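Dear colleague,

Here is the structure I said I would pass on. My notes on it follow below.

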Amino acid sequence: MPNVIIDNGTSTCKFGWAGESQPLKIIPTLVGRSPTDKFVGESCDKKDNVKISHPIENSVIANWEDMEAVWEKILKAELNADLSSQTVLLTDSIQNSKVKYSSDN
């Protein structure tokens, strides 16, 4: 199986397989929560009374739990990736630095 590529963006995540010229799919970088459920991506748009979270703000991951929910949807539900044998490449904004992700700040 080819390796997984995920291009994380503030408004959308593009993802697919290494070696392909185009992403397989693009989904909104959104997580929605109702009192009983959690929704990721385009499924947030189809629900009423859902609190929407944008895990990436100004090109920086602001909510790691919600970002992990987006990655889980991509890896498991969309790509059915086998992480025991496939590598995942995640992109980061060129404007980011190690300082933004440091736990000392």
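I begin with one contact between side chains: R33 and E65 form a salt bridge, with an N to O distance of 3.3 Å. R33 belongs to strand 4 and E65 to helix 1, so this pair ties together parts that lie 32 residues apart in sequence. R33 is partly exposed, its relative accessible area being 30%, whereas E65 is exposed at 53%. Please keep in mind that this is a predicted model.

The sheet that holds R33

Strand 4 is part of an open sheet of 3 strands, ordered 5-4-6, in which the pairing is antiparallel. Strand 5 (38–40) and strand 6 (51–53) are the edge strands, and each of them pairs on one side only. On average, neighbouring strands here are turned by 25° against each other, direction ignored. Strand 4 (residues 31–33) runs antiparallel to strand 6, and 3 bridges join the two. R33 has K51 as its bridge partner in strand 6. Helix 1 packs on this sheet and touches strand 4, strand 5 and strand 6. The direction of helix 1 makes about 110° with that of strand 4. R33 therefore has a backbone partner in K51 of strand 6 and a side-chain partner in E65, the latter in helix 1.

The other sheet

An open sheet of 4 strands has the order 3-2-1-9, and its pairing is mixed. Strand 3 (25–28) and strand 9 (88–90) stand at its edges; each has a single partner strand, so one side of each is left without a neighbour in the sheet. From one strand to the next, the twist averages 20°. Strand 2 (residues 12–17) pairs with strand 3 in the antiparallel sense, over 4 bridges. Within this pairing, K14 stands opposite I26 of strand 3. Helix 1 (residues 64–78) packs on this sheet as well, touching strand 1 (4–8), strand 2, strand 3 and strand 9. Its direction makes about 145° with that of strand 1. Helix 1 thus touches strands of the 3-2-1-9 sheet and strands of the 5-4-6 sheet.

Further salt bridges

How many salt bridges does a search of the whole structure find? The search finds 6, and the R33 pair has been described above. Another is formed by the side chains of E78 and K25, at 3.3 Å from N to O. This pair links distant parts of the chain, with E78 in helix 1 and K25 in strand 3, 53 residues apart. Both residues are partly exposed: E78 has a relative accessible area of 24%, and K25 has 31%.

The side chains of E42 and K73 also meet in a salt bridge, here with an N to O distance of 3.9 Å. E42 is in the loop between strand 5 and strand 6, while K73 is in helix 1, 31 residues away. E42 is partly exposed, with a relative accessible area of 23%.

Which residues are linked in a network of salt bridges? They are K25, E42, K73 and E78. In this network, K25 comes from strand 3 and E78 from helix 1, while E42 comes from the loop between strand 5 and strand 6 and K73 from helix 1.

Regards

Definitions and conventions: Residues are numbered from 1 along each chain as its sequence is written. This is a predicted model: local features need pLDDT of at least 70, side-chain atom pairs count only at pLDDT 80 or more; totals for chains, interfaces and linings use all residues. Side-chain values use heavy atoms; hydrogens and water are left out. Two strands pair if DSSP finds at least two bridges between them. Axes are lines fitted to C-alpha atoms, for helices over the stretch in contact, and angles run from 0 to 180 degrees between N-to-C directions. Contact means heavy atoms within 4.5 Å. A salt bridge is a side-chain nitrogen of Lys or Arg within 4 Å of a carboxyl oxygen of Asp or Glu. Buried means under 20% relative accessible area, exposed over 50%, partly exposed in between (1.4 Å probe, protein chains only).
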